[in-house]
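Grab a pencil and try these short exercises. Each one comes with a solution worked out step by step.

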Amino acid sequence: TMREYDHKHGIKLEYNQQKEKMLEKNETLVQLCSTLKDKEGKLKSIQAEYAKKQEEFNSLNIKAQELKEYLDSLSTQRNSITEALAEKKKELESLKDKIENTEDIDLLRQRVQELRCQFKVTKDKIINLEHELATQKSIAASIEKKSHSYNELQAKYDNDIAALKKENERLNSKIQELTQKS
């Protein structure tokens with residue numbers, strides 16, 4: 001009869017509508033899973049980059065410590081050379097006084113000349129040490145700058161991780177919601 005036909009047609013129509021909705025939900029679920037995999041890939045990439053930067057940072061810290069120890073060593077050397085220089089200056093002055101009071105002037109002049117040479121060599125060493133100290137300070141400043149750059153990268157990484165986790169939670173929630181509706 002017509003009524004049975006309408007009833008069967010209505011059930012078939014409703015069945016087709018439900019089937020279409022289910023296919024749409026499945027498509028959305030597939031897209032969300034794909035997006036989630038992309039996000040997980042990005043997260044792994046960021047974690048690998050972070051590990052590499054952490055390694056670089058640790059290496060820079062070790063170099064900074066070595067430089068600090070080297071700079072301390074240079075400072076100690078400079079101080080001892082400065083003290084030796086002061087001693088040689090005193091000896092030079094003493095010899096000048098003796099020249100005026102002795103007959104063996106040539107021997108004393110030779111000693112004064114030797115002391116002047118030693119004085120010059122010592123002075124050159126101090127200049128070289130000060131140059132080396134300036135170079136090492138420059139390197140230390142460069143390392144400190146890289147350390148600051150690393151800290152900025154760490155903050156960016158932390159923000160990216162937080163954003164990806166939040167997106168991950170949202171996608172998981174959406175997947176759970178679609179799964180429950182299915």
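**Exercise 1.** Find the helix in which glutamate 56 lies, and decide whether glutamate 56 counts as buried, partly exposed or exposed.

*Solution.* Start with the helix: glutamate 56 lies in H1. By the way, you're looking at a predicted model. Next, take its relative accessibility, which is 38%. Partly exposed covers what falls between under 20% and over 50%, so glutamate 56 counts as partly exposed. As an extra step, look along the chain to lysine 25, 31 residues apart from glutamate 56: their C-alpha atoms are separated by 46 Å.

**Exercise 2.** Place lysine 90 in its helix, then work out how far apart lysine 90 and leucine 67 are in space.

*Solution.* Lysine 90 is found in helix H1, which runs over residues 2–100. Its relative accessibility is 56%, so lysine 90 counts as exposed. Now for the distance: lysine 90 and leucine 67 are 23 residues apart in sequence, and from C-alpha to C-alpha they sit 35 Å apart.

**Exercise 3.** Say why glutamine 154 is classed as it is, and list what it touches beyond residues up to four places away in sequence.

*Solution.* First, locate glutamine 154: helix H2, residues 105–181. Then check its relative accessible area, 19%. Buried means under 20%, so glutamine 154 is buried. Leaving out residues up to four places away in sequence, glutamine 154 touches Tyr50 and Gln54.

**Exercise 4.** Count the disulfides and classify cysteine 33 and cysteine 117.

*Solution.* The count is 0 disulfides. Cysteine 33 has a relative accessible area of 35%, so it's partly exposed. Cysteine 117, at 44%, is partly exposed too.

Methods: Residues are numbered from 1 along each chain as its sequence is written. This is a predicted model: local features need pLDDT of at least 70, side-chain atom pairs count only at pLDDT 80 or more; totals for chains, interfaces and linings use all residues. Side-chain values use heavy atoms; hydrogens and water are left out. Helices (H or I, at least four residues) and strands (E, at least two) are DSSP runs, numbered from the N terminus. Buried means under 20% relative accessible area, exposed over 50%, partly exposed in between (1.4 Å probe, protein chains only). Contact means heavy atoms within 4.5 Å. A disulfide is a pair of cysteine sulfur atoms within 2.5 Å.
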